[in-house]
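Subject: Structure for your review

Dear colleague,

Please find below the structure I promised to hand over, followed by a short account of what was found in it.

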Amino acid sequence: MCRASGLRMRILGIDPGLRVTGFGVLEKHGSRLQYVTSGVIRTGEGTLPARLRIIFESVAELVETYRPDQAAIEKVFVNVNPQSTLLLGQARGAAITALSVGGLEVFEYTPMQLKQAVVGYGRARKEQVQEMVTRLLTLSGTPGKDASDALGVAICHAHSGEMLVSLAEAGPVRSPALAAKGLRMRRGRLVG
């Protein structure tokens with residue numbers, strides 16, 4: 001999973017969108033984060049299937065090119081317009097499928113989790129996320145909003161993903177109340 005016995009991990013962050021999908025790649029060396037690359041995937045004005053194919057193929061190419069150890073993606077939030085939410089979900093699905101086909105475990109974070117991890121405030125503005133991403137990764141310039149959000153998702157995972165993986169690998173959680181009922185927790189699910 002992680003290179004060099006857990007000392008170095010490469011993370012691909014994705015901020016999904018039907019017109020513009022942001023991506024960001026960083027490496028975690030111990031507690032230090034290092035910027036690798038970031039940018040956007042633009043799908044143009046084609047048909048929905050053609051745009052989803054562009055997202056899928058472009059994310060698959062990112063996986064092949066940068067060989068991340070793990071991937072993190074922003075969860076869909078519910079818009080006022082249900083049609084927009086549905087389209088965003090389809091774009092997100094194309095990206096997740098490409099990550100999964102590439103053999104990556106995909107971790108998901110809400111916009112609030114991303115902002116909390118990067119800015120320290122869950123309701124931060126996009127400009128604040130951009131500024132903090134620039135500072136945390138000591139970038140010479142400010143990435144665009146979509147690329148910043150993708151890097152923010154990767155930063156969020158770098159800070160909290162290690163804990164999630166450790167919990168999953170720790171095995172079943174024992175609870176006296178559950179044990180009395182003959183149940184236990186394993187990987188977030190009740191088992192008998």
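**Strand 1 and its partners**

Arg 10 has Glu 27, in strand 2, as its bridge partner. The model is a predicted one, and the remarks that follow should be read with that in mind.

Strand 1 and strand 2 (residues 20–29) run antiparallel and are joined by eight bridges. The two strands form a hairpin, with four residues between them. Arg 10 and Glu 27 also appear together in a network of salt bridges, in which Arg 8 takes part as well.

Strand 1 has a further partner in strand 4 (residues 70–74), to which four bridges join it in a parallel arrangement. Within this pairing, Gly 13 is matched with Ala 72 of strand 4. Strand 1 is mostly covered, seven of its eight residues being buried.

**The annotated positions**

Which residues does the UniProt annotation "binding site" cover alongside Asp 15? The unreviewed entry gives Asp 15 and Asp 146 under this annotation. The two span 132 residues in sequence, yet their C-alpha atoms are no more than 6.3 Å apart, so they gather at one spot. Both Asp 15 and Asp 146 belong to the lining of the largest pocket.

Asp 15 is found in strand 1 (residues 8–15), whereas Asp 146 is found in helix 5 (residues 145–169). Asp 15 counts as buried because its relative accessibility, 7%, is under the 20% cut-off. Asp 146, with a relative accessible area of 28%, is partly exposed.

Leaving aside residues up to four places away in sequence, Asp 15 touches Val 20, Thr 21, Gly 22, Glu 74, Asp 146, Asp 149 and Ala 150. On the same basis, the contacts of Asp 146 are Asp 15, Val 20, Gly 22 and Val 40.

UniProt also lists Glu 74 for "binding site", again in an unreviewed entry. Glu 74 is placed in strand 4, and at 8% relative accessibility it counts as buried. Beyond residues up to four places away in sequence, Glu 74 touches a set of residues including Ile 14, Asp 15, Arg 92, Tyr 109 and Asp 149.

**Salt bridges**

How many salt bridges does a search of the whole structure find? The search finds ten, and three of the pairs are described here.

- Glu 45 and Arg 19 form a salt bridge in which the closest N and O atoms are 3.8 Å apart. Glu 45 lies in the loop between strand 3 (32–42) and helix 1, and Arg 19 in the loop between strand 1 and strand 2, so the pair ties together parts that are 26 residues apart in sequence. Glu 45 and Arg 19 are both exposed.
- Arg 92 and Glu 108 meet through their side chains in a salt bridge, at 2.2 Å from N to O. This pair links distant parts of the chain, since Arg 92 is in helix 2 (residues 82–101) and Glu 108 in strand 5 (residues 106–109), 16 residues apart. Arg 92 is buried, with a relative accessible area of 12%, while Glu 108 is partly exposed at 39% relative accessibility.
- Glu 127 and Lys 145 form a salt bridge whose closest N and O atoms are 3.3 Å apart. Glu 127 lies in helix 4 and Lys 145 in helix 5, so the pair ties together parts that are 18 residues apart in sequence. Glu 127 is partly exposed at 39% relative accessibility, and Lys 145 is partly exposed at 41%.

**Helix 4 and the positive phi values**

In helix 4, the residues Val 129, Gln 130, Val 133 and Thr 134 are buried. Seen down the helix axis, the buried residues of helix 4 fall within an arc of 130°, so they line one face of the helix. An α-helix has 3.6 residues a turn, so residues three or four places apart point the same way.

Helix 4 is followed by Thr 138, whose phi is positive, near 45°. Thr 138 is found in the loop between helix 4 (126–136) and helix 5, and is exposed, with a relative accessible area of 69%.

Arg 67 likewise has a positive phi near 45°, in a residue other than glycine. Arg 67 is found in the loop between helix 1 (48–66) and strand 4, and is partly exposed, with a relative accessible area of 48%.

With kind regards

Notes. Residues numbered from 1 in each chain as written. Predicted model: local features only at pLDDT ≥ 70, side-chain atom pairs only at ≥ 80, totals over all residues. Heavy atoms only, no water. UniProt positions renumbered as here; feature names shortened; annotations may be inferred. 1 Å grid on protein atoms, 1.4 Å probe; cavity = no way out; pocket = protein on both sides within 12 Å on 5 of 7 lines; lining within 4 Å. Buried < 20%, exposed > 50% of the residue type's maximum accessible area, 1.4 Å probe, protein only. Contact = heavy atoms within 4.5 Å. Pairing = 2+ DSSP bridges. Arc of directions from axis to C-beta. Salt bridge = Lys/Arg side-chain N within 4 Å of Asp/Glu carboxyl O.
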